[in-house]
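Please go through the model below with attention to side-chain pairs, surface and confidence.

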Amino acid sequence: MSVHTPTTFDLSAIPLKLGVEKTVQIQLYLPPLHLAGQDYNFVPDQVMARLSVNYVGQGYAVSLGFECRLEGICWRCLEKANLDMSIEVDDFFETGLPPVEDIGEEGEASPWYAENGVLTVSAWARDAVAEKLPLKILCQPGCRGLCAQCGVNLNLVECGCKQPVDFRWDKLREWKAD
């Protein structure tokens with residue numbers, strides 16, 4: 001496994017005029033995610049990303065866009081699961097300079113990913129992916145999971161185990177019978 005340095009971007013490195021947006025392509029390293037006790041890796045772990053920066057006086061309005069594939073295990077059957085995603089995220093990062101008059105309200109500045117004008121793009125991108133994940137990562141939409149008694153993958157075979165009846169639904173079964 002190779003070791004990568006997180007992708008950073010110095011927001012002040014590109015010359016910007018107030019209110020003028022500049023878009024650049026960057027090579028973005030995507031660090032692995034650890035979810036529900038499992039590791040999920042981006043394949044490939046480096047992708048081309050679009051980074052748009054707009055200097056607005058009090059800081060930078062920044063947007064990031066990229067496509068990625070996340071690989072790991074299915075939460076139901078423990079087989080391989082792939083998730084292809086298209087990510088678009090926007091945020092505002094302060095410069096620490098005094099405010100410029102008449103630029104309008106830009107909203108809350110994000111304190112999490114920028115320090116001294118340097119944006120940690122890898123961490124921002126990883127968190128943007130995490131926010132857009134489905135509630136369960138599955139190998140396929142109708143994954144049937146594993147048998148609770150014998151552990152066989154129900155997507156591949158029927159196990160023949162008698163599934164336990166959940167007593168909590170007894171009253172509803174009585175109503176349905178009537």
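## Aromatic pairs

In this predicted model, a search of the whole structure finds two aromatic pairs. One of them joins Tyr55 and Tyr60, whose ring centres are 5.4 Å apart; the planes stand at 50 degrees, so the pair is tilted. The tilted class applies because the angle falls neither under 30 degrees, which would be stacked, nor over 60, which would be edge-to-face. Tyr55 has a relative accessibility of 17% and counts as buried. Tyr60 is buried too, with a relative accessible area of 10%.

Phe93 and Trp124 form an edge-to-face pair, with 5.4 Å from centre to centre and 90 degrees between the planes. This pair links distant parts of the chain: Phe93 belongs to strand β7 (residues 80–94) and Trp124 to helix α1, with their positions 31 residues apart in sequence. Phe93 is buried, its relative accessible area being 0%. Trp124 is likewise buried, at 3%.

## Salt bridges

The structure holds six salt bridges, and three are described here. Arg50 and Glu88 meet through their side chains at 2.4 Å, N to O. The two residues come from distant parts of the chain, Arg50 from strand β5 (residues 46–55) and Glu88 from strand β7, 38 residues apart. Arg50 counts as partly exposed at 24% relative accessibility. Its partner Glu88 is partly exposed as well, with a relative accessible area of 48%.

A second example is Glu158 with Arg144, where the closest N and O atoms are 2.7 Å apart. Both residues sit in the loop between α1 and α2, 14 residues apart, and the pair links distant parts of the chain. Glu158 counts as exposed, at 58% relative accessibility, whereas Arg144 is partly exposed, with a relative accessible area of 45%. The third example lies within helix α2: the side chains of Arg173 and Asp170 form a salt bridge at 3.0 Å, N to O. Arg173 and Asp170 are three residues apart in this helix, so about one helical turn separates them. Arg173 counts as partly exposed at 41% relative accessibility, and Asp170 is partly exposed with a relative accessible area of 36%.

## Fold and contacts

The protein has two helices and nine strands. Along the sequence these elements follow the pattern β-β-β-β-β-β-β-β-β-α-α. Among contacts between residues at least 6 apart in sequence, 61% join residues at least 24 apart. The protein has 178 residues, of which 34% count as buried.

Ser122 is one residue whose contacts can be listed. It lies in helix α1 (residues 121–131). With 1% relative accessibility, Ser122 counts as buried, because the limit is under 20%. Leaving aside residues up to four places away in sequence, Ser122 touches Pro6, Thr7, Leu28, Tyr29 and Pro31.

## Surface

The protein exposes about 11600 Å², and carbon and sulfur atoms supply 52% of this area. A nonpolar surface patch of about 400 Å² is made by Trp169, Leu172 and Trp175.

Leu172 is found in helix α2 (residues 170–177). Its relative accessibility is 42%, so Leu172 counts as partly exposed. Helix α2 thus contributes to this patch through Leu172 and also holds the salt bridge of Arg173 and Asp170.

## Confidence

How high is the mean pLDDT of the protein, and what share of its residues reach 70 or more? The mean is 85, and 87% of the residues reach 70 or more. Over residues 97–109, however, the pLDDT is below 50; beyond near neighbours in sequence, this stretch has 16 contacts in the model. Where pLDDT is low, predicted coordinates should not be read in detail.

Key
Residues are numbered from 1 along each chain as its sequence is written. This is a predicted model: local features need pLDDT of at least 70, side-chain atom pairs count only at pLDDT 80 or more; totals for chains, interfaces and linings use all residues. Side-chain values use heavy atoms; hydrogens and water are left out. Patches are made of residues with over 30% relative accessible area and no salt bridge: like charges are joined within 9 Å, nonpolar side chains (Val, Leu, Ile, Met, Phe, Trp, Tyr) within 5 Å. Accessible areas come from the Shrake-Rupley method with a 1.4 Å probe; for residues, only the protein chains shown count as cover. A salt bridge is a side-chain nitrogen of Lys or Arg within 4 Å of a carboxyl oxygen of Asp or Glu. Helices (H or I, at least four residues) and strands (E, at least two) are DSSP runs, numbered from the N terminus. Buried means under 20% relative accessible area, exposed over 50%, partly exposed in between (1.4 Å probe, protein chains only). Contact means heavy atoms within 4.5 Å. Rings of Phe, Tyr and Trp (its six-membered ring) pair if their centres lie within 6.5 Å; planes under 30 degrees apart count as stacked, over 60 as edge-to-face and the rest as tilted. pLDDT is the predictor's confidence in each residue, from 0 to 100.
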